[in-house]
Amino acid sequence: RDCIQSGSLGRIRHVTAYFASPLSWIFDDPNLPGWNEPSKDTNMLGNGFAWGQSSHLFAFLYRILDVQPLDVHCRMTHSEITGADVSFSATVRCEDEMVMSVSGTSLLPGNAHSDPPVPKEVKIDVFGTNGSLHYGGNDREANSGKLEFKDKEGNVEVLHDEFHFENLENSGDGPESLREFVRLCDGEEGLEAGANVTDGLRSIQTIDAMYRSHASSQVEAVLQA
């Protein structure tokens, strides 16, 4: 986020992002309707991986980019058992003529909750007029990736030599986001908001448009607040 906001990349034109989770067993289980079925008495057009997991990725993207989505074209695939969506591919047009190509799936083999757990995989690339950022790895091993900046000449600078996406440790004082929230409740100032209400809103707006786009087979506008 600091690198992007500093202008080092120039004008951001294109973003690619990919998120894979080993969670097929959740979206194939009829006994988990909260993950697989639209909530009753709502206007939900579907439920599954997009609502259940992609919000993690979109909140991350909107946090680092600080850009408003405008419209979405999306296609999904679904579980033959529950009908829940298990994969998606979406093109998200944003303000300032920036386009995001985002995909995700729950079909990564394994189980995120097995012993040992199978990690989720993440890859994010941000392309600007003056350079690009590249960040990817898995959420269980910090040494699985790093953050790199490439300038217009192709020179590479490692900005951070580890990959961090989610803190999944069950011991200690909890994830950084929770610790910051507790400190905020205690009256401290100058804290780091890992994702704020605007990031969350833009994520929900985008996912809602994804479901509407799949249902209509057309580009759907993001509903503005």
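Let's begin inside this predicted model, with helix α5, whose buried residues are Ser54, Leu57, Phe58, Ala59, Leu61, Tyr62, Arg63, Ile64 and Leu65. That makes nine of the 12 residues of α5 buried, so the helix is largely enclosed by the rest of the structure. You can also check its length: at 1.5 Å a residue, α5 (residues 54–65) should span 16 Å, and its end C-alpha atoms are indeed 16 Å apart. Just after α5 comes aspartate 66, which has a positive phi, near 50 degrees.

What does α5 meet in the fold? One place to look is serine 203, which sits in helix α7 (residues 197–216). Setting aside neighbours within four places in sequence, serine 203 is in contact with Ser55, Phe58, Ala59 and Tyr62. Serine 203 has a relative accessible area of 2%, and because buried means under 20%, this residue counts as buried.

Now compare valine 182, found in helix α6 (residues 176–185). Its relative accessible area is 49%, so valine 182 is partly exposed. Its C-alpha atom lies 34 Å from that of threonine 16, a residue 166 places away along the chain.

Finally, turn to the strands. Strand β7 (residues 147–151) pairs with strand β8 (residues 156–160) in the antiparallel sense, over four bridges. Which residue of β8 is the bridge partner of phenylalanine 149? Look for glutamate 157, which fills that role. Four residues lie between the two strands of this hairpin, where glycine 154 takes a positive phi near 90 degrees. As you follow the strands, remember that in a regular strand the side chains alternate between the two faces of the sheet.

Key. Residues are numbered from 1 along each chain as its sequence is written. This is a predicted model: local features need pLDDT of at least 70, side-chain atom pairs count only at pLDDT 80 or more; totals for chains, interfaces and linings use all residues. Side-chain values use heavy atoms; hydrogens and water are left out. Two strands pair if DSSP finds at least two bridges between them. Buried means under 20% relative accessible area, exposed over 50%, partly exposed in between (1.4 Å probe, protein chains only). Contact means heavy atoms within 4.5 Å. The expected span of a helix is 1.5 Å times one less than its number of residues.
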